[in-house]
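Colleague: I have a model open and want to learn how to read it. Can we go through it feature by feature?

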Amino acid sequence: MAGSDIVRSVADKVERLLGENRRLRDETFRLGARNERLKAENRDLTERIARLEQRLNILELKEGLSSAGNTRQAVARVNRLMREVDKCITLLNR
């Protein structure tokens, strides 16, 4: 009898391990899918932030150019943007 009890005990443990393995495999798959969704959402949000920052820069430039009192500030901003454009052109020419 003792031998069959040991076999039954080992069989039970193997069944539990197989069940745990299936559960962990399913959870890994679910977490992987969630990870991919979050990465895609992160990319979308990063792109949206970049677009909004660009739009904000344009609006700030427009506001700076339209107000007569901020002429010096507008000129400084345009000069800074021109330097950025020049840097970009230099990098593209490399």
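Colleague: What share of the 94 residues in the chain is buried?

Modeller: One caution before that: this is a predicted model. Buried here means under 20% relative accessible area. By that cut-off, buried residues make up 3% of the 94 residues.

Colleague: How much area does the chain expose, and what share of it do carbon and sulfur atoms supply?

Modeller: The chain exposes about 8800 Å². Carbon and sulfur atoms supply 59% of that area.

Colleague: Which secondary structure does the chain have?

Modeller: Count helices and strands. The chain has two helices and zero strands. Helix α1 covers residues 2-66. Helix α2 covers residues 71-93.

Colleague: How do I read the overall shape? What is the radius of gyration of the chain?

Modeller: Compare the value with that of a compact globule. For 94 residues, such a globule would have a radius of gyration near 12 Å. This chain has 31 Å. The box tells you more about the dimensions. Along the principal axes, the C-alpha atoms fill roughly 100 × 35 × 15 Å.

Colleague: How far apart in space are K13 and T46?

Modeller: Set sequence separation beside distance. K13 and T46 are 33 residues apart in sequence. Their C-alpha atoms are 48 Å apart in space. K13 itself lies in helix α1.

Colleague: Why does K13 count as partly exposed?

Modeller: Partly exposed lies between the buried limit of 20% and the exposed limit of 50%. K13 counts as partly exposed because its relative accessibility is 47%.

Colleague: Now the salt bridges. How many are there?

Modeller: The test is a side-chain nitrogen of Lys or Arg within 4 Å of a carboxyl oxygen of Asp or Glu. By this rule the count comes to five.

Colleague: Where do D5 and R8 lie, and how far apart are they in sequence?

Modeller: Both lie in helix α1, three residues apart, about one turn of the helix. Their side chains meet in a salt bridge, at 2.4 Å from N to O. D5 is partly exposed, at 37% relative accessibility. R8 is partly exposed too, at 49%.

Colleague: Which residues are linked with R23 in a network of salt bridges?

Modeller: Look for a residue that appears in a linked set. E20, R23 and E27 form such a network. Take the pair R23 and E20. Their salt bridge spans 2.7 Å, N to O. Both residues lie in helix α1, three residues apart. R23 counts as partly exposed at 43% relative accessibility, and E20 at 34%.

Colleague: And in helix α2, how far apart in sequence are R80 and E84?

Modeller: R80 and E84 are four residues apart, about one turn of helix α2. Their side chains meet in a salt bridge at 2.8 Å, N to O. R80 is partly exposed, with a relative accessible area of 35%. E84 is partly exposed at 39%.

Colleague: How do I read the charges of the whole chain? How many are positive and how many negative?

Modeller: Count each sign, then compare mean positions. The chain has 21 positive and 15 negative charges. Their mean positions are 5 Å apart.

Colleague: Last feature. Which residues make the nonpolar surface patch?

Modeller: I6, V10, V14 and L18 make the patch, with an area of about 340 Å². Take V14 as an example. V14 sits in helix α1. V14 is partly exposed, with a relative accessible area of 41%. A patch residue needs over 30%, so V14 passes that cut-off.

Terms used:
Residues numbered from 1 in each chain as written. Predicted model: local features only at pLDDT ≥ 70, side-chain atom pairs only at ≥ 80, totals over all residues. Heavy atoms only, no water. Patch = residues over 30% accessible without salt bridge, like charges linked within 9 Å, V, L, I, M, F, W, Y side chains within 5 Å. Areas by Shrake-Rupley, 256 points an atom, 1.4 Å probe, with all protein chains shown as cover. Buried < 20%, exposed > 50% of the residue type's maximum accessible area, 1.4 Å probe, protein only. Rg over C-alpha atoms; globule rule 2.2 N^0.38 Å. Lys, Arg positive; Asp, Glu negative; His and termini not counted. Charge placed at Lys NZ, Arg CZ, Asp CG, Glu CD.
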